[in-house]
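Subject: Structure for you to look at

Hello,

Here is the structure I said I would pass on. Please open it first and then read the notes below it.

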Amino acid sequence: MTDQDAPKTLYEKVWADHVVKTYDSGTDLLYVDRHLVQEVSSPQAFKGLQMAGRPMHRPDAHISVADHAVPTQGRGHPLREGLAASQVARLYDNARAFGVPYIPMQDRRHGIVHVIGPELGFTLPGVVLVCGDSHTCTHGAFGAIAFGIGASECECVFATQVLRQVRQKTMRIRLEGVRPAGVEVKDMILAVIAEIGVGGGVGHAIEYAGSAVRDLSMEERMTLCNMSIEAGSRIGMVAPDDKTFAYLRGRPLAPEGAAWEAAEAYWRSLPSDADAVFDREVVIDVASLSPFVSWGTTPEECAPIAGHVPDPASVADEGRRARMQRSLDYMGLTAGTALSDLRIDRVFIGSCTNGRIEDLRRAAAVVAGRKVSPGVEAMVVPGSAGVRLQAEAEGLDRIFTEAGFSWRASGCSMCVGMNDDRLSAGQRCASTSNRNFEGRQGKGGRTHLMSPPMAAAAAIAGHLVDVRSLTGETQP
């Protein structure tokens, strides 16, 4: 059997279809179909083109939008002078100079790149998609190879539409069984990271499979793939299926007519062959899961909400013990404390992980008819203007605001803390974002990662709490 005839994984199929040249070193020159361009990662790349006098190879293969530094309030007013204003202005000027499609803040298509790419149909199965942001792995939910790149690589894509890359090993994470009531896809991916560690996926492209993955909606699959980078992998993928095609059909930039039929025929050939061999396999029974929250400063440092802050003294490995103690010191926690006893100051519902319409619906279902606990500042930031408009059409904004939440415009917001939405030192936040390292949401801020319903429940209770105690769903 030749290599060409050998069984292949989804990742290997898409990779092989994009190899332009293979070098003696074993690296491949890979064609890039799509590039999402942000205000933070692109200035140096545009400047490189300008200094070299190079044109952009394919302006139509890029979409630019400011999402990290944009304000989520006062959108009708000019941005205050400062770094954020200059970053947004520079992106607009660069996009106009090079003919790159640009989506302004006031546009109905505006939003976080990893939310609007799929909404527009810019993200498609079988493509190679890049962006100067590590959570580009989100788009792998559609069966695309999608990964974050640096400024020099952005410039290379601008100029040539190709990148020299090393093919990754393959890992399949099978999520099997039926989720218990109250368990969200965020709990599933936190359980995965707790199992394999933040370095478990290093050097591997992850494919998520199994009955629990097939049962997920496209938005849930995006959440799953989004946090692959938190497990150490640049690439997380789900094989395209009928749910994928139904989501994409009719999107503004998706193929139409005969082009759609040809594309779908190709997409159906992409799932991993039945006898494909993965370099590593992991199996997790989702039926055994319960809602998770993080207690430390990495997504690996998390536990079921019924648990307690762990004791570093119980860990034999000296290095791990020291890391745990540093996390507890930063988070202001004492070993043995029940996680449900941790009082919070802030709640953030949003981000490219959990800022989609399904996330807001689930959170609103918990909030409806209740009030935010006194002393808690809670906010909802839709992942895109489209999500915001849909939520408002469904009355979700009124549910949140009547409960005491602040309802915002689209953007990365407190997930990355590059605008005015950030924590103060010592504040404890229940957050639906993806990262909780020191200072991520603001200098000295303390972040606890969880699902939207769990964050909503924390806002109501004033402390971390099992959402099922509010909804009446069965607890183990």
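How many helices and strands does the chain have? The chain has 17 helices and 19 strands. Please keep in mind that this is a predicted model.

**The chain as a whole**

The chain contains 476 residues, and for that number a compact globule would have a radius of gyration near 23 Å. The chain has 22 Å, which agrees with a compact globule. Its C-alpha trace spans about 55 × 55 × 45 Å along the principal axes.

Of the 476 residues, 59% count as buried. If you take the contacts between residues at least 6 apart in sequence, 75% of them join residues at least 24 apart. The chain exposes about 18400 Å², and carbon and sulfur atoms supply 50% of this area. There are 49 positive and 56 negative charges, and the mean positions of the two groups are 4 Å apart.

**Strands E1, E2 and E8**

Start with strand E1 (residues 19-22) and strand E2 (residues 28-31), which run antiparallel and are joined by three bridges. One pair to look for is Val19 with its bridge partner in E2, Leu30. E1 and E2 form a hairpin with five residues between them. Gly26 sits in the turn and has a positive phi of about 100°.

E2 also pairs with E8, in the antiparallel sense and over four bridges. Here Asp28 has Gln165 in E8 as its bridge partner.

**Helix H5 and the residue after it**

Which residues of helix H5 (residues 151-160) are buried? They are Cys154, Val157, Phe158 and Ala159. These buried residues pack against strands E3 (34-37), E4 (62-65), E6 (128-131) and E8 (162-165), and against helix H2 (43-52). E8 therefore turns up twice in these notes, because it pairs with E2 and also packs against the buried residues of H5.

Gln161 comes just after H5, in the loop between H5 and E8. Its phi is positive, about 70°, although Gln161 is not a glycine. Is Gln161 buried or exposed? Gln161 has 0% relative accessibility, so it counts as buried.

**Thr136**

Thr136 is found in the loop between E6 and strand E7 (145-148). Thr136 counts as buried because its relative accessibility is 0%, and the cut-off for buried is under 20%. Leaving aside residues up to four places away in sequence, Thr136 touches His114, Leu129, Val130, Cys131, Ala146, Phe147 and Gly148.

**Strands E15, E16 and E17**

Further along the chain, strand E15 (residues 346-349) runs parallel to strand E16 (residues 377-380), and four bridges join them. Ile349 has Val380 as its bridge partner in E16. E16 is also joined to strand E17 (residues 406-407), by two bridges, and these strands run parallel. In E17, the bridge partner of Val380 is Trp407. Val380 is thus a useful residue to click on, with Ile349 as a partner and Trp407 as another.

When you look at strands like these, remember that in a regular strand the side chains alternate between the two faces of the sheet.

**Lys371**

Where does Lys371 lie? Lys371 lies in the loop between helix H13 (357-367) and E16. At 57% relative accessibility, Lys371 counts as exposed, since the cut-off for exposed is over 50%.

Lys371 and Glu402 are 31 residues apart along the chain, and their C-alpha atoms are separated by 7.6 Å. Not counting residues up to four places away in sequence, Lys371 touches Glu402, Ala403 and Ile460.

**Ser413**

Ser413 lies in the loop between E17 and strand E18 (428-431). What is the phi of Ser413? It is near 55°, a positive value in a residue other than glycine. Ser413 counts as buried because its relative accessibility is 0%.

That is what I found.

Regards

Technical notes:
Residues are numbered from 1 along each chain as its sequence is written. This is a predicted model: local features need pLDDT of at least 70, side-chain atom pairs count only at pLDDT 80 or more; totals for chains, interfaces and linings use all residues. Side-chain values use heavy atoms; hydrogens and water are left out. The radius of gyration is taken over C-alpha atoms; the globule rule is 2.2 Å times the number of residues to the power 0.38. Buried means under 20% relative accessible area, exposed over 50%, partly exposed in between (1.4 Å probe, protein chains only). Contact means heavy atoms within 4.5 Å. Accessible areas come from the Shrake-Rupley method with a 1.4 Å probe; for residues, only the protein chains shown count as cover. Lys and Arg count as positive and Asp and Glu as negative; His and the chain ends are not counted. The place of a charge is taken as NZ of Lys, CZ of Arg, CG of Asp or CD of Glu. Two strands pair if DSSP finds at least two bridges between them.
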